[in-house]
Amino acid sequence: MNVEEEVERLKEEIKRLGNLQPDGSYKVKFGVLFHDDKCANIFEALVGTLRAAKKRKALTFDGELLLQGVHDNVEITLKPPPVADT
């Protein structure tokens, strides 16, 4: 799986595990993602995939690097899909 595919899978998992916000974004805590069995099986390097997604501006979180335990309560926000022009 290449980086783009992993980022897309990560977005799907954030939607599955996260909470939909009024603006169309999804929020999930890092610990929820990290400790989820399905995510553990999909992502060999979850932190690396999160950093790649942040670099592509698909999601946001505080800090540069998230570590299990220390950052379990850090919220990850998947940005809402762009609104199509009519």
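## Helix 1 and the core it faces

In this predicted model, helix 1 has five residues tucked away from solvent as buried positions: Glu6, Val7, Leu10, Glu13 and Ile14. They sit on the same side of helix 1, because they cover an arc of only 120° around the axis. That fits the usual helix geometry: an α-helix has 3.6 residues a turn, so residues three or four places apart point the same way.

What lies over that buried side? The cover includes strand 2, helix 2, helix 3, helix 4, strand 3 and strand 4. Here is where those elements run:

| Element | Residues |
|---|---|
| Strand 2 | 26-29 |
| Helix 2 | 30-35 |
| Helix 3 | 37-42 |
| Helix 4 | 46-55 |
| Strand 3 | 59-60 |
| Strand 4 | 75-78 |

Take Ile14 as an example. Leaving out residues up to four places away in sequence, Ile14 touches Tyr26, Val28, Leu33, Leu59, Ile76 and Leu78. Ile14 is also among the residues with the most contacts inside the largest nonpolar core, along with Leu10, Leu33, Leu50, Leu59 and Ile76. That core has 21 residues, and helix 4 gives the most to it, with 4 residues.

Back at helix 1 itself, Asn2 caps the N-terminal end, with a side-chain oxygen 3.0 Å from the backbone nitrogen of Glu4. The helix covers residues 3-17, and its end C-alpha atoms are 21 Å apart, which agrees with the 21 Å that 15 residues should span at 1.5 Å a residue.

Zooming out, the protein has 4 helices and 4 strands, in the order α-β-β-α-α-α-β-β along the sequence. Buried residues make up 35% of its 86 residues.

Technical notes
Residues are numbered from 1 along each chain as its sequence is written. This is a predicted model: local features need pLDDT of at least 70, side-chain atom pairs count only at pLDDT 80 or more; totals for chains, interfaces and linings use all residues. Side-chain values use heavy atoms; hydrogens and water are left out. Helices (H or I, at least four residues) and strands (E, at least two) are DSSP runs, numbered from the N terminus. The expected span of a helix is 1.5 Å times one less than its number of residues. Buried means under 20% relative accessible area, exposed over 50%, partly exposed in between (1.4 Å probe, protein chains only). The arc is that of the directions from the helix axis to the C-beta atoms. Contact means heavy atoms within 4.5 Å. A polar contact is a pair of N or O atoms within 3.5 Å; within protein, one must be able to donate a hydrogen and the other to accept it, and residues adjacent in sequence count only if both atoms are side-chain atoms. A nonpolar core is a set of buried Ala, Val, Leu, Ile, Met, Phe, Trp, Tyr and Cys residues joined through side-chain atoms within 4.5 Å.
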